[in-house]
Each structure stands twice: as structure tokens, then as C-alpha cells.
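Student: I'd like to learn how to read burial and ring packing from a set of coordinates. Could you walk me through it?

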Amino acid sequence: MVQHRNTRTEGAIKEAFITLTNAKGFDAMTVSDLAREAHINRGTFYTHYTDKFDLRQQLLANAISDLTQIMLNPGSALEQPATSGPEGQLIPYAALLGGLRYIKNDFAFFDAISHSGNDMQLYNRTKDIITELLLIEAEKMGKKPGRDNIPAVYAREMLAASLTAIVWLWLKRGCEESPETIATIIDHARTLAPADLLN
């Protein structure tokens, strides 16, 4: 796992990134804007990042690294304690809830990054984490993606994309529901066939 620094200056720059993305948009913000908002000089900004694109990339990489650690290592130092869900889940409840809590706790950042022109990268990186978790848990259960008429690559994509889409919709709706509610929705949905979701 890539270790990242968490200095006061970098925290101020991250907050400036969030504020300016919301106020004027990523494309319109400049390094001067970021430095002014973070109450630092441009030289200090450049000791941490090469430009605003590098800033966005590093912020995203740090968040994905944290999210990966939380979801693949439930009970890690980054995660709040999570209650256990039912046994035999393809996505363990503790891992799912830990990831959802992390997103909710840093919603302002995830919202900003999703509006900064990097939304598909965030979606795809989140889906990669979910795919990895699915494969790890399937192996523990002695199963693998795929059925007689559905090749493994498509089965894996259906599972990962559907779970990621729920998390993505929750984020786009402002994380209105609690992480526990979304974890429960995902837990209930895993046992249903698509037609079962229709009234």
C-alpha cells in the first residue's frame, strides 16, 4: 500500500481544493487560487504538487488507498468499528460498512472529486476495489464468478458494476441515507434476482 503524508499544509490544500471546486469548478481554479485559499504561498504548493492536476491525482490516489485498506482489511486503524452482518456474504458487511462510513465522513471531498472531471476515474477505482473484494471472498467460499452460459469475465463485471452503481448513486444523491442503510440495501439486494426488484 502506498503511504501518504498527512501534513497540516496538505490538509489546508485539500480543503482549498474542495472549496474552490464547489465555488468555481476545477477547470477555472488556478494554483494561485489554491495557494490563496489555503493561506500558503505558491512555492509551498509546488513543494507538494506539480500543478492542480497532480493535486487532484494525489488526493484521489490517497482516498483510494485508504478505501482499499478499509475494505480489504476490515478492522484497520482507518475504520470505525463495524458490526458484523450475516455469514457467507459475498461482500462482508464489515468491509462494506467501513467503506461507506469512510465515504460519508469525507463526503465533501468525494463530492468535489466527482465534480472535478475525474468522476469516471473515481467510479472505476471504486469498482476495482469491489471486484478485488468479490474475488477474495468468492475464493474463501470455494466459488468463482460465472455460470454455465455466463463467462466469468461477464459475471464478475455484473456483480462489481451493480454494487458500485449503488454506492455511486448514494454518493451522487449526497449520501442522504446512513451507511448502515445502504449496507443493508446491498445485503438484501444480493439475494434477489433482477425481476424480484419489480413490484
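Tutor: Happily! Let's begin with burial: a residue counts as buried when its relative accessible area is under 20%, as exposed when it is over 50%, and as partly exposed in between. Keep in mind that this is a predicted model.

Student: Is Phe 26 buried or exposed?

Tutor: Phe 26 has a relative accessible area of 3%, so it is buried. Phe 53 has a relative accessible area of 46%, so it is partly exposed.

Student: How much confidence does the predictor place in the chain?

Tutor: The pLDDT averages 84 over the chain, and 83% of the residues score at least 70. Among the elements, helix H2 (residues 31-38) has the highest mean, 98, while helix H7 (residues 119-140) has the lowest, 87. Over residues 77-88, the pLDDT is below 50; even so, this stretch has 23 contacts in the model beyond near neighbours in sequence.

Student: Now the rings. How many aromatic pairs are there?

Tutor: Two rings pair if their centres lie within 6.5 Å, and planes over 60 degrees apart make the pair edge-to-face. The count comes to seven aromatic pairs. One of them joins Phe 17 and Phe 26, with 6.2 Å centre to centre and 65 degrees between the planes, an edge-to-face arrangement. Both of these residues, Phe 17 and Phe 26, are buried.

Student: Why is the pair of Phe 26 and Phe 53 called edge-to-face?

Tutor: Their planes stand at 75 degrees, with the ring centres 5.4 Å apart, so the pair is edge-to-face. This pair links distant parts of the chain: Phe 26 lies in the loop between helix H1 (8-24) and H2, Phe 53 lies in helix H4 (residues 52-72), and the two are 27 residues apart. Put together, Phe 17, Phe 26 and Phe 53 form one aromatic cluster.

Student: Which charged end sits over the ring of Phe 26?

Tutor: That of Lys 52, at 4.8 Å from the ring centre. Elsewhere, the ring of Phe 109 has the charged end of Lys 14 over it, 4.9 Å from its centre.

Student: Let me try burial once more. Why does Leu 133 count as buried?

Tutor: Its relative accessibility is 3%, so Leu 133 falls under the 20% cut-off. Leu 133 belongs to helix H7.

Student: And how far is the C-alpha atom of Leu 133 from that of Leu 72?

Tutor: The two C-alpha atoms are separated by 6.4 Å, although Leu 133 and Leu 72 are 61 residues apart along the chain.

Technical notes. Residues numbered from 1 in each chain as written. Predicted model: local features only at pLDDT ≥ 70, side-chain atom pairs only at ≥ 80, totals over all residues. Heavy atoms only, no water. pLDDT = per-residue confidence, 0-100. Helix = DSSP H or I, 4+ residues; strand = E, 2+ residues; numbered from the N terminus. Contact = heavy atoms within 4.5 Å. Buried < 20%, exposed > 50% of the residue type's maximum accessible area, 1.4 Å probe, protein only. Phe/Tyr/Trp six-rings, centres within 6.5 Å; stacked < 30°, edge-to-face > 60°. Lys NZ or Arg CZ within 6 Å of the ring centre and 35° of its normal.
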